[in-house]
Amino acid sequence: MIIQLIIFLLLNFGALALGGLFTGSGVSSDWYNGLNKAPWTPPGWMFGLAWTTIMICFSVYMAKVWNTGENKNFLIILFVIQWILNVSWNPVFFYFNFSGLALVLIVLLAILVGLILYLNASQAKWFSLLILPYFVWLLIATSLNAYIVFKN
C-alpha cells in the first residue's frame with residue numbers, strides 16, 4: 001500500500017500544483033476581489049490548509065481502495081476524470097473568469113467524488129471517512145461558486 005500511497009500523493013499534489021499555476025494572481029486579482037462573495041467564504045489561508053488535508057486523506061483512501069478493489073480499470077477511469085475536473089476548475093474560474101462553467105465543473109466533480117465514495121463504501125469500510133472531507137469541501141466550494149454565479 002505504501003507505493004500506491006506515494007503514487008496517489010504525487011498525483012493529487014501534482015493536481016494542486018497545476019491548479020495553483022493556473023490560479024496565478026486569481027485570489028488577489030481585481031476581478032476576484034470585485035466579486036460579491038458569499039458571507040460564508042472562508043479566509044484565504046483556509047483553502048491551502050483544507051486542500052492539503054483533503055489530498056492527504058484522499059490519497060490514503062485511494063491507496064486503500066486500489067489495494068482492496070476489484071475493478072481497478074474503472075477506479076482509474078473515475079480517478080482520472082476527477083483529476084481532470086479538479087485541475088480544470090482553477091483556470092476556468094480564475095484565469096478565464098468563467099464562473100458559470102466553473103460551477104458546472106465543480107458540480108460534476110462533487111457528483112463524481114460522491115460516486116467514488118458510494119461505489120467503494122463496502123470495500124473501503126471506515127476508510128470511507130477519509131474521502132468525506134473532499135466531498136464536504138466540494139459541497140462548500142460549490143455553494144461559494146454558485147453564490148458568485150447568481151449574485152454577480
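1. A residue is called exposed here when its relative accessible area is over 50%, buried when that area is under 20%, and partly exposed in between. The model under discussion is a predicted one, and the points below should be read with that in mind. By the cut-off just given, Lys125 is exposed, because its relative accessible area is 58%. Lys125 lies in the loop that joins α5 and α6, and its phi is near 50°, a positive value in a residue other than glycine.

2. A second residue to check for its backbone is Asn97, which sits in the loop between α4 and α5 and whose phi, near 60°, is again positive although the residue is not glycine. With a relative accessible area of 29%, Asn97 counts as partly exposed. As background for both of these loop residues, most residues other than glycine have a negative phi.

3. The two helices on either side of the loop that holds Lys125 also pack against each other. The axes of α5 (residues 99-124) and α6 (residues 132-151) come within 9 Å and cross at roughly 160°; since angles over 145 degrees count as roughly antiparallel, the two helices are therefore described as roughly antiparallel to each other. The crossing in which α5 passes α6 is left-handed. On the α5 side the contact includes Ser99, Gly100, Ala102, Leu103, Ile106 and Val107, and on the α6 side the residues involved include Leu132, Tyr134, Phe135, Leu138, Asn145 and Ile148. Taken by class, the residues of this contact divide into 18 nonpolar and 5 polar, with no charged residue among them.

4. Helix α5 also meets α3, with axes that come within 10 Å and cross at roughly 65°, and here too the crossing is left-handed. Tyr61, Val65 and Thr68 of α3 make this contact with Ile116, Leu117, Asn120, Gln123 and Ala124 of α5. The residues of the α3 contact with α5 comprise 5 nonpolar and 3 polar, and no charged residue takes part.

5. Which residues touch the most other members of the largest nonpolar core? In this core of 40 residues, they are Phe58, Tyr61, Phe93, Ile131, Tyr134 and Leu138. At least two core residues come from each of α1 (2-23), α3 (44-68), α4 (72-95), α5 and α6, and the largest share, 11 residues, is supplied by α5. For one of these well-connected members, Phe93, the contacts can be listed: leaving out residues up to four places away in sequence, Phe93 touches Trp31, Tyr32, Leu35, Phe98, Ser99, Ala102, Asn145 and Ile148. Of these partners, Ser99 and Ala102 of α5, together with Asn145 and Ile148 of α6, also belong to the contact between those two helices.

6. Is Asn86 of helix α4 buried or exposed? Asn86 counts as buried because its relative accessibility is 10%, which falls under the 20% limit. Apart from neighbours within four places in sequence, Asn86 is in contact with Trp51, Met55, Leu109 and Tyr134. Tyr134 is also named among the core residues that touch the most other members, and both Leu109 and Tyr134 take part in the contact of α5 with α6.

7. Val80 is likewise placed in helix α4, but at 40% relative accessibility Val80 counts as partly exposed. The C-alpha atom of Val80 is separated by 32 Å from that of Asn33, a residue 47 residues apart from Val80 along the chain.

Conventions:
Residues are numbered from 1 along each chain as its sequence is written. This is a predicted model: local features need pLDDT of at least 70, side-chain atom pairs count only at pLDDT 80 or more; totals for chains, interfaces and linings use all residues. Side-chain values use heavy atoms; hydrogens and water are left out. Axes are lines fitted to C-alpha atoms, for helices over the stretch in contact, and angles run from 0 to 180 degrees between N-to-C directions. Helices (H or I, at least four residues) and strands (E, at least two) are DSSP runs, numbered from the N terminus. Angles under 35 degrees count as roughly parallel, over 145 as roughly antiparallel, 65 to 115 as roughly perpendicular and the rest as oblique. A crossing is left-handed if the near helix is turned anticlockwise from the far one by less than a right angle, and right-handed if clockwise. Contact means heavy atoms within 4.5 Å. Ala, Val, Leu, Ile, Met, Phe, Trp, Tyr, Cys and Pro count as nonpolar, Asp, Glu, Lys and Arg as charged, and the others, Gly among them, as polar. A nonpolar core is a set of buried Ala, Val, Leu, Ile, Met, Phe, Trp, Tyr and Cys residues joined through side-chain atoms within 4.5 Å. Buried means under 20% relative accessible area, exposed over 50%, partly exposed in between (1.4 Å probe, protein chains only).
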